[in-house]
Structures are given as structure tokens and as C-alpha cells.
Amino acid sequence: MENAPIFTNDTIVFGLLMISLGVIFYTSSREQGFWFKFYKIVPALFMAYMLPALWTTLGLIAPEWETVSSSGEVEKHSSNLYFMSSRYLLPAALVLMTLSIDLKAVFNLGWKALAMFFTGTVGIVIGGPIAILVMSMVYPEALNGAGPDAVWRGLSTLAGSWIGGGANQTAMLEIYGYNQKLYGGMVFVDIVVANIWMAIILIGVGKSKGIDKWLKSDTAAIEELKEKVSSFSKKVERNPSLTDLMIMMALAFGTVSLSHLFAGYLSGFFNDFIGSMENVTVKNIFTFLGSSFFWMISLSTIGAILLSFTKAKNYEGAGASKIGSVFIYILVASIGMKMDLTLILDNIGLVGIGLIWMTIHALLLIVVAKLIRAPYFFLAVGSQANVGGAASAPIVAAAFHPSLATVGVLLAVFGYAVGTIAAIGCTILMQLVSP
């Protein structure tokens, strides 16, 4: 029963993650030799994700584990590093990366960003039923189960997660009454498949110029935004003093603190308000408004945009987005440690459904991107705004340029809003095609 990793102390695990990031950055800075060639193929951000996954797979660290006490009771343990990264460092990174944003230039990115986001949503909606149809012919045993154990009910929670986020996933669990004892298997598939797809997207970031050339995409608006921010950064660039660093920390974590404070009030208010609704379907559609994470990310971004209209934006010259990037890399490493590659074989049928599902999502995005000549940036961020939500869409966006992180957040907010409605449509289709 015991499956404790070698290192269970978060202080030690965090040190291991930081050493891993240090090694990645040191080797990726080499300008010749093996590492120079290696990082031309594999992006550093992908390695920041995969190296912690390797440590988890080897049993050095783990996101959660069980032990048996002297009295014979099974005790559950977990690492708090992902929680810390996603609740403290992610919103702080968004603040620091958004200080220098040019909001007009963001809106000038045009309709293709939204088009790719909604293409990703449609890909998830139709991907679920297609995956069930394919699996029913290839491996029908994977679809065994009736009543509350019916696989389509469990897959409804994946649809909620991959279009919206955790709140939408929980809403789908409530709506379709999937057996909660089996729910852990669906959460596992969610983590494995979503993380594999994110890894593929990160590899694509390093090859985005070649992909854009193949897509024949117009990247002028994106390059204009990057150029505006880079030019502004160079104009106000200075060697940061201790005062600069402390003020940047105050701006970032002060905004995060206020966001958490008001998120608590807003999520509590909407939980009570939504709980008083009599229509169950309407109630579940608006469940995301009761999520403190949704409000925390939204308020942090709004706060950062407001700061960008003040002199605070000049802190970009003192390295605000660089510090934000440090926080993002720590978040990526903490996401990576959630991935244990050996467990894929334990749920091969469900993972197979998930992989087929994600393949449909990816293929539709590629086809539409080719048709409308959308840049790979829109494809990648539009996909992650659906599948990964606010936790990973900014990571992928920032991988192109720190100034683009806000685009990931704005699209992810759309995901929260349409998540449950689209997931219900997907589940109806899955129920219709289920054997």
C-alpha cells in the first residue's frame, strides 16, 4: 500500500526542482557543442516540464502518496508545491508580465485568436463522441459500465475540465452523477492526456517559425505587439536597485493579496446566489462563478492592466517580466511533477479514449489554422485556454513572449464561461453513441 517517494519534504523537493531548472538554463545557454544542438530541437520550457516528470516517474518525488500508520490506517499525503505555484506565483507572474502591456495592440490581434479558441472548444465537443465510437470498435472493454458507472458519465467530467476548468469539471460530476469511487481514474486521464498535449505544444513553440511558414500565417500583429513591448523595455531599461526589486515584489504580491481577498468574497457571494437557483442546469452552468481560483486570476489580471496605465509600467525596464518568467518556470516544474509516466499502462483503455479525443481536437485546430492562416501562437494558446485553462494558457503564451501572457488569461476566461454549456452538449453526444 505504501507508495511514498524518496523525498517527501516540500523544502527538499522545491530545492530539487530549482536545481533542475538551474541545470536546464545553464545547459541551454551553451553556444556550441551537444547542448547547443539539443536545445535547437527541444525547448528549455519543455525540459522544465519533463525533468520533474522524470523524477516523479523514478520515485524521487510525487504529487501525492499513501502510507500506512502503526495502527494500520491508510494516510494520504500530498505536496503543496503546485498549490503554492498556482495560487501565489502564477498571479504574481501575470501582474509582472502585464505591467508593460499595450492593451490596444492586444485587441489588434484580431478575430483569429477567438476563432482558434472556439475551434478548440468544438474539437473537444466532437472529439469525445468520436473517441467513444473508435474505442468501441478497437477496445470495447474500455467502455464497460452502466448506470452511475457508465464511462460516458465519467468522460463528461473530462469535457468540463478540457473546455473550462476545475469548477466546470465538478459541475459535470454533479450533473451526471458519475460514481465518485471511479472519479479518480478520470482525474488521472485528465492529468496524463492534458499534460502530454501540453508537452507537444511546448515542443512546437520552439519550432513556431517553421510551423507558421507551413501554415502561411500572418504574424504581423503578434510581431508588432512584441516589438512595441521590446522597444518600450529598452527605452526604460536600467540596472535594478534593491528598491526597484522590493517595489516590484510589493506590486506583484500586493495585487495577489487583494485578489485573494476579494476572490473570497465574490466566490462566497456567487456560491450562495447560485445555490439559491431552482433550475439545476442553470445552476451548474454558472458554477464557475463560485470558483475562488477563477476570481483570483481574473482580479490579478484586471489589477495588472490598471497598473499598466500608471508609472508602474516603467518597472519593465528593471526586469519585471524576467522575474515573472522565473515564477512561470517554477509553476511549469510543479505541473511536471504531477506526471508519472508509468501509470499510463494502468488505465490504458481510458487513456486511449483521451488520446483519440485530444487528437481530434488537435487535428481540427490544425485544419482551421491552415484554412484561415492563423499563427501557431493562436493555435497553441487557443488550445490551452480550453484544455489547460488559466493555469497553463499564460505559460504557453509567455513562451512566445512575456508580453503575451495576458492573451492566454483572457482566452481562458472565455473557457470558464462556455465550459459547462459546451461540456453538456459534448456529453449528450457521448451518451448517444455509447454502446
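The questions and answers below concern salt bridges, burial, a pocket and aromatic pairs in a predicted model.

User: What kind of model is this, and how are its residues numbered?
Analyst: The model is predicted, so local features need pLDDT of at least 70 and side-chain atom pairs count only at pLDDT 80 or more, while totals for chains, interfaces and linings use all residues. Side-chain values use heavy atoms, without hydrogens and water, and residues are numbered from 1 along each chain as its sequence is written.

User: Which residue forms a salt bridge with R238, and is that residue buried or exposed?
Analyst: A salt bridge is a side-chain nitrogen of Lys or Arg within 4 Å of a carboxyl oxygen of Asp or Glu. The search of the whole structure finds one, and its closest N and O atoms are 3.1 Å apart. Buried means under 20% relative accessible area, exposed over 50%, and partly exposed in between (1.4 Å probe, protein chains only). R238, at 34%, is partly exposed, whereas the partner, at 9%, is buried: D244.

User: Which element gives the most to the lining of the second largest pocket?
Analyst: A pocket is, on a 1 Å grid over the protein atoms alone, an open set of points where a 1.4 Å probe fits, with protein on both sides within 12 Å along at least five of seven lines; lining residues have an atom within 4 Å of a point. This one is lined by 27 residues, with V205, S208, A398, A399 and F400 nearest its centre. Helices are DSSP runs of H or I with at least four residues, numbered from the N terminus; among those giving two or more residues to the lining are α9 (183–205) and α10 (208–215). The most, four residues, comes from α18.

User: How are the rings of Y376 and F400 arranged?
Analyst: Rings of Phe, Tyr and Trp (its six-membered ring) pair if their centres lie within 6.5 Å; planes under 30 degrees apart count as stacked, over 60 as edge-to-face and the rest as tilted. Here the centres are 6.0 Å apart and the planes at 50°, so the pair is tilted. Y376 in helix α17 and F400 in helix α18 are 24 residues apart, and the pair links distant parts of the chain. Both Y376 and F400 are buried, and their arrangement is tilted.

User: What is the relative accessible area of Q384?
Analyst: Q384 lies in helix α17 (residues 376–387). Beyond its neighbours within four places in sequence, Q384 is in contact (heavy atoms within 4.5 Å) with residues including W197, I201 and V396. Q384 is buried, with a relative accessible area of 1%.
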